Amino acid sequence: AMDRTLMGGLPDDLVVERQASPEAVLSKVYPRIGRHIAVLLGRYVLPEIYLPWALQATEAGCRVAQDWQPQVLYSRAPKHVSNVVGWRIKHRTGLPWVAHFSDPWITAGLPHRQLQRWLGLPLERRILRDADALVFVTRQAMERILASHPASWRERARIIPHGYEAT
């Protein structure tokens, strides 16, 4: 089910390209066990349950970039797969890219199993290395995530705190 009323506040010319999540696809293909397969993969194998979504989301993002010719890419995590997709689109299109880390992922995030860390750390490193700009919500998050990486990467980092101010 999808609540389309949430789209009401978006600008009319905003392009929204939806892609089904792996959980939804597995649930449709395997109605009885599909969701359980996705959860088990996310809990024990993948560094994020939605990682397979990166493949189709990258293709969709590249199509949108070609059709609409944006000036910049912006990806926001969590879901951290969003930044994986941003990285992949940047490498396919050459567009400048801003990667937002609303929450830490592998380096400073929730505990992960060894296989999840082995799969996730290279992805996180590529995102941090290749983004044209990095956004964090606190200085502490930025410092924890970037601590083991070259100091020069901090030059591309900015702090934009979470917040809401009624107008």
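Trainee: In which helix is the place of Lys 28?

Mentor: Lys 28 lies in helix H1, which covers residues 22-29. Please keep in mind that this is a predicted model.

Trainee: Is Lys 28 buried or exposed?

Mentor: A residue counts as exposed when its relative accessible area is over 50%. Lys 28 has a relative accessible area of 72%, and it is therefore exposed. As for its position relative to Trp 97, the two residues are 69 apart in sequence, and their C-alpha atoms are 34 Å apart in space.

Trainee: How should the nonpolar core be read, and which residues of the largest one touch the most other members?

Mentor: In soluble globular proteins, nonpolar side chains tend to be buried together. Here the largest nonpolar core holds 30 residues, and those touching the most other members are Phe 101, Ile 127, Leu 128, Leu 134, Phe 136 and Leu 146. At least two core residues come from each of helix H3 (53-68), helix H4 (81-93), strand E2 (97-101), helix H5 (114-130), strand E3 (133-136) and helix H6 (139-146). The greatest contribution is that of H4, with five residues.

Trainee: With which residues is Leu 128 in contact, leaving aside its neighbours within four places in sequence?

Mentor: With those neighbours left aside, Leu 128 is in contact with Phe 101, Leu 134, Phe 136, Ile 145, Leu 146, His 149, Trp 153 and Arg 156.

Trainee: How do the axes of H3 and H4 cross?

Mentor: An angle that is neither roughly parallel, roughly antiparallel nor roughly perpendicular counts as oblique. The axes of H3 and H4 cross at roughly 45° and come within 9 Å, and the two helices are therefore oblique to each other. The crossing of H3 past H4 is right-handed. On the H3 side, the contact includes Trp 53, Leu 55 and Cys 62, while H4 contributes Val 84, Arg 88 and Ile 89, among others. The residues of this contact comprise 10 nonpolar, three polar and three charged.

Trainee: Which backbone features deserve attention in the loops?

Mentor: Most residues other than glycine have a negative phi, and most peptide bonds are trans. Gln 69, in the loop between H3 and E1, has a positive phi of about 50° although it is not a glycine. With a relative accessibility of 64%, Gln 69 counts as exposed.

Trainee: Where is a cis peptide bond found?

Mentor: One joins Ala 77 and Pro 78, with omega about 10°. Pro 78 belongs to the loop between strand E1 (73-77) and H4. The peptide bond from Pro 78 to Lys 79 is also cis, with omega near -5°, and Lys 79 is likewise found in the loop between E1 and H4.

Terms used:
Residues numbered from 1 in each chain as written. Predicted model: local features only at pLDDT ≥ 70, side-chain atom pairs only at ≥ 80, totals over all residues. Heavy atoms only, no water. Core = buried A, V, L, I, M, F, W, Y, C linked by side-chain atoms within 4.5 Å. Buried < 20%, exposed > 50% of the residue type's maximum accessible area, 1.4 Å probe, protein only. Helix = DSSP H or I, 4+ residues; strand = E, 2+ residues; numbered from the N terminus. Contact = heavy atoms within 4.5 Å. Axes fitted to C-alpha atoms, helices over the stretch in contact; angles between N-to-C directions. Parallel < 35°, antiparallel > 145°, perpendicular 65-115°, else oblique. Left-handed = near helix turned anticlockwise from the far one by under 90°. Nonpolar A, V, L, I, M, F, W, Y, C, P; charged D, E, K, R; others polar.
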